[in-house]
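Student: I would like to learn how to read pockets and ligand surroundings in a model. Could you take me through one?

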Amino acid sequence: MEPIDLRSDTVTRPTAAMRRAMADAAVGDDVYGEDPTVNQLQDRVASVLGKEAALFVPTGSMGNLIALYLQAGRGGEVLAHEQSHILHYELGSGAALAGCQIVALPGDLGILKPEVLSKAVRSPGYANARTKLVELENTGNLAGGTCYALEDLQAIRVWADKAGLPVHMDGARLWNASVAQGLDPALLASMADTVSVCFSKGLGAPVGSALAGPKAVIAEALRIRKMLGGGMRQAGILAAGALYALEHHVTRLGEDHHHAHQLAEALKASGWARVPVKPQTNIVFAETPGLDAAEVAQRLTSQGVWCSALSSEKIRFVTHLDVSQAQVRQACQIIRTLF
Ligand SMILES: Cc1ncc(COP(=O)(O)O)c(C=O)c1O
């Protein structure tokens with residue numbers, strides 16, 4: 001049996017049609033600004049997100065780092081959720097490379113609220129760091145693929161404008177939020193000044209992300225990307241995969257969400273797992289009370305269902321383009337009869 005790989009939505013491989021689009025892409029030297037496919041992708045992303053400009057970057061991590069570099073900078077503070085990807089999985093790059101300090105804030109299901117943000121803003125005392133940026137993650141990965149309700153985003157936007165703070169949205173899975181909530185990605189993106197999005201997760205492209213925002217910020221972002229070693233040459237081959245993904249793989253994300261729901265139901269019925277958060281998108285967390293999560297993950301793996309152990313009593317399943325309905329059914333069956 002072929003493994004059912006539910007460890008992450010980053011494991012997808014380009015489809016045959018995507019590979020053809022990549023092979024056929026018109027390319028040029030993007031460091032000269034001459035790659036037509038990269039330029040087309042950047043224009044398309046700016047338009048889909050309703051922003052003035054966008055920049056193709058190799059990874060979501062680089063998109064976030066550039067946003068922090070430009071909007072918080074050395075000695076600046078970034079207000080972010082305590083479960084955010086920038087805190088847990090980006091190697092402290094905000095501190096190491098952008099020179100900023102991230103303040104970890106609480107909030108149910110990965111959601112920040114203005115009351116919490118307000119309390120964290122530094123007063124302008126001589127010895128205080130300067131609060132410079134708010135960072136939101138939508139959907140929240142470690143929170144369980146949760147979406148910000150539009151009202152929560154609006155409340156933060158209003159609060160941040162009053163506080164004079166820019167907002168960066170880590171929208172690695174903004175597409176999932178948009179499909180799950182039936183909301184235009186541009187509406188969600190309008191709640192932030194800069195937005196990073198990924199093509200290499202649920203959308204199934206092999207590589208690539210983008211940072212979108214005001215023209216002046218993106219012009220500077222181009223310089224910082226080069227400084228970080230991210231100036232790419234005939235990157236149109238990659239951009240073509242991203243364009244293909246945007247065109248063909250966004251609306252189908254609803255299937256992944258449905259699959260996540262089915263896995264959650266099987267886990268609930270299994271007798272050995274607890275599902276603490278009803279999946280909103282393509283991520284399912286299960287607690288394994290009394291069982292070692294790594295051992296449970298190993299047992300599932302030995303039966304062909306791959307997942308991740310996130311802590312001693314928590315496992316994670318992520319649905320994606322490369323997992324079919326038949327495989328999800330099979331995974332559900334294995335989950336139900338695991339013990
Ligand atoms: C929420 C979130 N932000 C950012 C990233 C970073 O993306 P990349 O792996 O392309 O650096 C990820 C990766 O999984 C993520 O889940």
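Tutor: We will go through the pockets and then the ligand, keeping in mind that this model is predicted.

Student: How does one find empty space in a structure, and how much space lies in the largest pocket?

Tutor: Rolling a probe the size of a water molecule over the atoms reveals where empty space remains. Here the largest pocket holds about 200 Å³ of space, and its lining is made up of 21 residues, with Gly60, Ser61, Ala172, Cys198 and Lys201 lying nearest its centre.

Student: What classes of residue form the lining of the largest pocket?

Tutor: That lining divides into five nonpolar, eleven polar and five charged residues, and helix 3 provides its largest share, three residues.

Student: Where does the ligand sit, and which residues are around it?

Tutor: The ligand sits in the largest pocket, and the residues around it include Thr59, His85, Glu90, Asp170 and Arg173. By class, this shell has one nonpolar, six polar and five charged residues, and its largest share, three residues, comes from helix 3, which spans residues 60–71.

Student: Which side chains place a polar atom at 2.9 Å from an oxygen atom of the ligand?

Tutor: Asn141 does so, and so does Lys201, while a polar side-chain atom of Ser61 lies 2.6 Å from a ligand oxygen atom. The protein covers 83% of the 390 Å² of accessible area that the ligand has on its own.

Student: How much space lies in the second largest pocket?

Tutor: About 170 Å³ lies there, and among the residues lining the second largest pocket are Pro3, Arg13, Trp306 and His320.

Technical notes:
Residues numbered from 1 in each chain as written. Predicted model: local features only at pLDDT ≥ 70, side-chain atom pairs only at ≥ 80, totals over all residues. Heavy atoms only, no water. Near = heavy atom within 4 Å. Polar contact = N/O pair within 3.5 Å; in protein donor to acceptor, adjacent residues only side chain to side chain. Areas by Shrake-Rupley, 256 points an atom, 1.4 Å probe, with all protein chains shown as cover. 1 Å grid on protein atoms, 1.4 Å probe; cavity = no way out; pocket = protein on both sides within 12 Å on 5 of 7 lines; lining within 4 Å. Sits in = over half its atoms within 2 Å of the grid points. Helix = DSSP H or I, 4+ residues; strand = E, 2+ residues; numbered from the N terminus. Nonpolar A, V, L, I, M, F, W, Y, C, P; charged D, E, K, R; others polar. Points joined across faces, edges and corners; volume = space filled by probe spheres on them.
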